[in-house]
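Subject: Structure for your review

Dear colleague,

Please find the structure below, together with its sequence. My notes on side-chain contacts follow it.

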Amino acid sequence: MSAKKVAFYTLGCKLNFSETSTIARSFENEGFQRVEFEEAADIYVINTCSVTENADKRFKTIVKHAQKANEDAFLIAVGCYAQLKPEELAAVDGVDLVLGATEKFKITDYLNDLTKNDHGEVHSCEIDEADFYVGSYSIGDRTRAFLKVQDGCDYKCTYCTIPLARGISRSDRLENVLQNASEISEQGIKEIVLTGVNIGDYGKGEFGNKKHEHTFLELVQALDEVEGIERLRISSIEPNLLKNETIDFVASSKTFVPHFHIPLQSGSDDMLKRMRRRYLSDLYVDRVNKIKSVMPDACIGVDVIVGFPGETNEHFLETYNFLQELNISYLHVFTYSERDNTPAAEMDGVVPLKVRKKRSKMLRGLSAKKRRAFYESQLGNTSTVLFEGENKSGYIHGFTENYVKVKAPWNPEMVNTLKKVNLTEIDEDGLVRFEMLQEELV
């Protein structure tokens, strides 16, 4: 077994990346050698996503890539899609094993027999059984580490399958989060991104019950004290769970950076009610205004869904105008796609695909304008950049603390370093150029 090679492919969110990394470490602990996905391996593990239609379709393509590298390899599917539609994945040609939400972290227990199967074997629990917490973090894959602090969701948004794929809201114990953060910092990683399904709900289920033993604010306060971490970044957080106290704390924090990603989904209150979101547009405006009042240079990213059932042209324009006037930095635009076993899939007022695509294109255009305006507002500022590890067409890229993407001619010595820069101009590709102010901070 010790000479066996294993490769991984991750679809979807930062949470999936953190879990893939943890699963990969479990293989390495069993003596497997991890290789790149393009290389010949004995086992290929594909961590699936079900949030977008595209992610579902990409699974088959990825399986074919693995088969091209080694047609005799043992193929395993894990992740959200594997929990929601295990039989569908098991039926894909070449797939040997499908593991659901609770089984994926015990993956090496299923490897006694690596004989290829005619049909994939399924080990998938009822999602009600996914009520225990498994901590994870990504390390070694990127310059930034993704640290999982929470899993599952108790919200009932009408379009979302995540509660069906990941189960109830539950949290890691605070001491475990702090331990994982220390382990990450000891590896020389400069930035940690906090991730989960609904991280603002942190503390619920920390000890297996529904009580909040700790709050999200207490989590960020404790992480701010961990030695050796240069930067902490909050990933996506629900507007109703992003409290003033947290925003104020981030503004004065030693390590938390001025960057928030806050799902909106629609700027129309009618649509927010149909989606069963837990806030209306006024609250969202309050959150943005509060952030900008204490951190004028903060970057604010927004998730938005277009083409939700019942979204008329008037509703869409309401969203478009709402976002146009809002002091935000960029959008993640999702074209609504029907999901089995969700209330939205049964709703009337289905928006034609052509209309969905047109609306999506309009919002993507608005996002480009917003990002450009945000970058322009940052020119002349002094910032700290963390440089990434990839040589892209002769350039190195990096991000400022408030998520401005910069570029410079490739220099391997800059990888994973923090440098003080002055932002000078926007290049033709939309990225920002800079002048170096000092050689190196860390």
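A residue is called buried if its relative accessible area is under 20%, exposed if it is over 50%, and partly exposed in between. Lysine 85 has a relative accessibility of 27%, so lysine 85 counts as partly exposed. Please note that this is a predicted model.

Salt bridges

Across the whole structure, the search finds 24 salt bridges. In one of them, lysine 85 is paired with aspartate 340, and the closest N and O atoms are 2.8 Å apart. This salt bridge links distant parts of the chain, 255 residues apart: lysine 85 belongs to the loop between helix 3 (80-84) and helix 4 (86-90), and aspartate 340 to the loop between strand 14 (330-335) and helix 12 (353-378). Aspartate 340 is also partly exposed, at a relative accessible area of 48%.

A further salt bridge joins the side chains of arginine 144 and glutamate 191, at 3.6 Å from N to O. Because arginine 144 lies in strand 7 (residues 144-148) and glutamate 191 in strand 10 (residues 191-195), this pair ties together parts that are 47 residues apart in sequence. Both arginine 144 and glutamate 191 are buried.

Arginine 433 and aspartate 427 also meet through their side chains in a salt bridge, with an N to O distance of 3.3 Å. Here arginine 433 is partly exposed at 21% relative accessibility, whereas aspartate 427 is buried at 18%. In addition, salt bridges with shared partners join Glu19, Lys104, Lys148, Asp151, Arg166 and Arg170 into one network.

Aromatic contacts

The search of the whole structure also finds 13 aromatic pairs. One of them is the edge-to-face pair of phenylalanine 37 and tyrosine 44, with 5.1 Å centre to centre and 70° between the planes. Phenylalanine 37 is buried, with a relative accessible area of 7%, and tyrosine 44 is buried at 0%. In the pair of phenylalanine 374 and tyrosine 375, the ring centres are 6.4 Å apart and the planes stand at 50°, so this pair is tilted. Phenylalanine 374 and tyrosine 375 are both buried. Ring pairs also link Phe8, Phe27 and Phe32 into a cluster.

Charges over rings

Two tyrosine rings have a charged group over them. The charged end of arginine 25 sits over the ring of tyrosine 137, 4.2 Å from the ring centre. Over the ring of tyrosine 395 sits the charged end of lysine 407, 4.1 Å from the centre.

With kind regards

Methods:
Residues are numbered from 1 along each chain as its sequence is written. This is a predicted model: local features need pLDDT of at least 70, side-chain atom pairs count only at pLDDT 80 or more; totals for chains, interfaces and linings use all residues. Side-chain values use heavy atoms; hydrogens and water are left out. Rings of Phe, Tyr and Trp (its six-membered ring) pair if their centres lie within 6.5 Å; planes under 30 degrees apart count as stacked, over 60 as edge-to-face and the rest as tilted. Buried means under 20% relative accessible area, exposed over 50%, partly exposed in between (1.4 Å probe, protein chains only). A charge sits over a ring if NZ of Lys or CZ of Arg is within 6 Å of the ring centre and within 35 degrees of the ring normal. A salt bridge is a side-chain nitrogen of Lys or Arg within 4 Å of a carboxyl oxygen of Asp or Glu. Helices (H or I, at least four residues) and strands (E, at least two) are DSSP runs, numbered from the N terminus.
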